[in-house]
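Biologist: Please take a close look at one part of this model for me, the helix that sits between the two chains, and set it in the context of the chains around it. I would like one connected account.

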Amino acid sequence: MEVGFIGLGLMGRPMALNLLKAGHKVHVWTRRQESMAPLLEAGAQGHASAAEVAALVEVTISMVADAPDVEQVALGAGGVAEGARPGLVHVDMSTIAPAAAQAVAARMAEKGIAMLDAPVSGGEVGAIAATLTIMVGGEQAAFDKVKPLFEAMGKSVTRIGDSGAGQVAKACNQILTGVGVAAVAEALNFATRSGVDAGRVREALLGGFAYSRVLENHGQRMLDRNFKPGFKAWMHQKDMRIVMEEAHRLGLALPAAAATAQMFNAMVGSGLGEDDSIGVLKLLERMSGGAGE
Amino acid sequence: MKLGFVGLGAMGRPMLGHLIAAGHELAVWARRPEAAAEAARAGAAVCATPAELAARSEVVFSIVTTGADVIEVAFGGNGLAEGFRRGGVHVDMSTTSPTVARELAGRYAGLGVDWLDAPVSGGAAGAQAATLAIMAGGEAAVLARVQPLLATLGSRVVHVGPAGAGQVAKACNQMVMVSAIEACAEAMRLAAAHGLDVAVVRQALMGGSAASRMLEVMGGRMVSRDFSAGVEAWLHHKDFGILLGEAHRLGVPLPIAAQVWQQLNALMALGWGQDDTASLLRVLELAGGT
């Protein structure tokens, strides 16, 4: 399939590479031109705008930082809508608020462009290994058309429901992973400060009801003190903001998520924003009188 | 002095009355005709647009609900900005975000119009008694010009800092106040769960280190189960949305405020947004025990 990919950051780059590996013809554009180099070397074709990409393909995919970027890529000057051919499906795989995803999709629909929200879970590791979990919102027909592309990038692909439903699922995912990372960090810090080997605690817990992917993967990286992202704390902070603003709008109590969001605020404020979100461990150590290095 | 007033709600009406009683020449603009008619009966002239109001006033006060309302009144079609002469002053006493206050101050500065954000604490009772605490952000010289006017509205006027600083102080005020309401509610809940008379417990606490304005006023409402609104709880919910947004932007952790925000979310979901914030007690009661 001829496919366009816009946004080649930590996640977008390996995802586009996996589309190439699966035999698709990939057209790319990204704001920072130097980010295109690895894709061009691998055989992708570079372009001067998202509109130029959209004019050549059946499906465009965007993977960018925040809602204004999503809107800009889709509907802004030189955006996908400007170049789209009839029948184009535009897929946004960024993490933004459900309401924002619905608003962009509605405006694209007015222009005859079907749009899917398809945020992912699995981090950079999952993006490289093509094992991402992909949560999709939008029309069934558009989903069916894009499914082979999703399968080239991820292992678990689920259409959750209509437009915005993918982002709702992603928000649920961020509640679980955010609170989970904080809980694992608290448990390991608790073990260490109690004079117990946190590694052995983790190993023991992996066999019981406290087992989780976060305890397994993030827990190990905490023990290794490997704070290299991964998934940067400031991005998790952004995702928790989306969750908390939706909760405010809907009148939902999310006390555990709220506490976690404040931990991520503290990370960003104390200069740990570029660390992986497992750096919340350092914050807890500092709050508990340790060095937190 | 020729003064303008926008926002004739539970706070604005008595404030307007105090300014008229102090001998000033007042004019109003109001979206609702019945509010304008009431102001006219109180002795104020009625203008057709905010622009018209600003054109005839040296100082215009506003006390409206949201930041979007202030922006609309100031810079919407026929807004105050279209009518102000150079040297005019807009004193906004609404509770908005520091960001909105700074933005409006900047836009007015380009027109030679002065600005103060001067949110208040003290509620409708404080407005009626002219005992409000007023937290002002803006230039000291501008505050000095309107100080005698503010003194007719409140018993305490503090210059906190430049534009936006008043709103920062107000955000801190809301955080301390509503967190204290939640603490009162939890204390009342615990006492009740032990089977105690909460009125007696509150009375005992009022004599010690836990005594506070909130334990007195809101604790009193909890004891008498009077949940009819002093301040409608949805306004506090709105304020917490603003202040946690600022905390996100600045990278500042507010763990207690974040928890109180969730209790307010629950209060909204339970349909008590138009009731008093003392309803935080009812949220706890619903969540367990009896």
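Modeller: In chain B of this predicted model, buried residues make up 47% of the 290 residues, while in chain A 52% of the 293 residues count as buried. The secondary structure of chain B comes to 14 helices and 9 strands, and its radius of gyration, 20 Å, is close to the 19 Å that the globule rule gives for 290 residues, so chain B is as compact as a globular protein of that length. Chain A likewise has 14 helices and 9 strands; its radius of gyration is 20 Å, close to the 19 Å given by the globule rule for 293 residues, so chain A, too, is as compact as a globular protein of its length. Along the principal axes, the C-alpha trace of chain A spans about 65 × 45 × 35 Å, and the C-alpha atoms of chain B fill a box of roughly 65 × 45 × 35 Å. If one takes the contacts between residues at least 6 apart in sequence, 64% of those in chain A join residues at least 24 apart, and for chain B the share is 65%.

Each chain is divided into domains. The domain assignment of chain A gives domain 1 as 2-162 and domain 2 as 168-287, and the C-alpha centres of these two domains lie 28 Å apart. Their contact takes 11 residues from domain 1 of chain A and 12 residues from domain 2 of chain A, and the side that belongs to domain 1 has 6 nonpolar, 3 polar and 2 charged residues. In chain B the assignment gives domain 1 as 2-161 and domain 2 as 169-287, with C-alpha centres 29 Å apart. There, 10 residues of domain 1 are in contact with 9 residues of domain 2, and the side of domain 1 of chain B that touches domain 2 divides into 5 nonpolar, 5 polar and no charged residues.

The database record can be laid over these divisions, with the caution that the entry is unreviewed. UniProt lists residues 2-161 of chain A for "domain: 6-phosphogluconate dehydrogenase NADP-binding", and over that span the chain is 42% helix and 25% strand, with its end C-alpha atoms 26 Å apart. For chain B, UniProt lists residues 2-161 under that name in an unreviewed entry; the span is 43% helix and 26% strand, and its end C-alpha atoms lie 27 Å apart. A further UniProt annotation from an unreviewed entry, "domain: 3-hydroxyisobutyrate dehydrogenase-like NAD-binding", covers residues 164-284 of chain B, a span that is 73% helix and 0% strand and whose end C-alpha atoms lie 35 Å apart.

With that setting in place, I turn to where the chains meet. In the model, 19 residues of chain A are in contact with 19 residues of chain B. On the side of chain A, α12 (233-250) and α13 (255-269) each supply at least two residues, and the largest share, 10 residues, comes from α13(A). By class, the residues on this side of chain A divide into 12 nonpolar, 6 polar and 1 charged.

The helix to examine closely is α12(A), which is 18 residues long and should span 26 Å at 1.5 Å a residue; its end C-alpha atoms are 26 Å apart, which agrees with that expectation. Its buried residues begin with A233(A), M235(A), H236(A) and Q237(A), continue through D239(A), M240(A), R241(A), I242(A), V243(A) and M244(A), and end with A247(A) and H248(A). Among these buried positions are D239(A) and R241(A) as well as M240(A) and I242(A), and by the residue classes used here Asp and Arg count as charged, whereas Met and Ile count as nonpolar. What covers the buried residues of α12(A) comes from both chains: the cover includes α9 (165-193) and α13 of chain A, together with α12 (233-250) and α13 (255-269) of chain B. The helix α13(A) therefore appears twice in this account, since α13(A) is part of that cover and also gives the largest share of the side of chain A that touches chain B. Past its end, α12(A) is followed by G251(A), whose phi is positive, near 70°.

Methods. Residues numbered from 1 in each chain as written. Chains lettered and ligands numbered in written order. Predicted model: local features only at pLDDT ≥ 70, side-chain atom pairs only at ≥ 80, totals over all residues. Domains from an automatic or database assignment. Contact = placed C-beta atoms within 7 Å. Helix = DSSP H or I, 4+ residues; strand = E, 2+ residues; numbered from the N terminus. Rg over C-alpha atoms; globule rule 2.2 N^0.38 Å. Buried ≥ 20, exposed ≤ 12 C-beta atoms within 10 Å, placed from the backbone. UniProt positions renumbered as here; feature names shortened; annotations may be inferred. Expected span 1.5 Å × (residues − 1).
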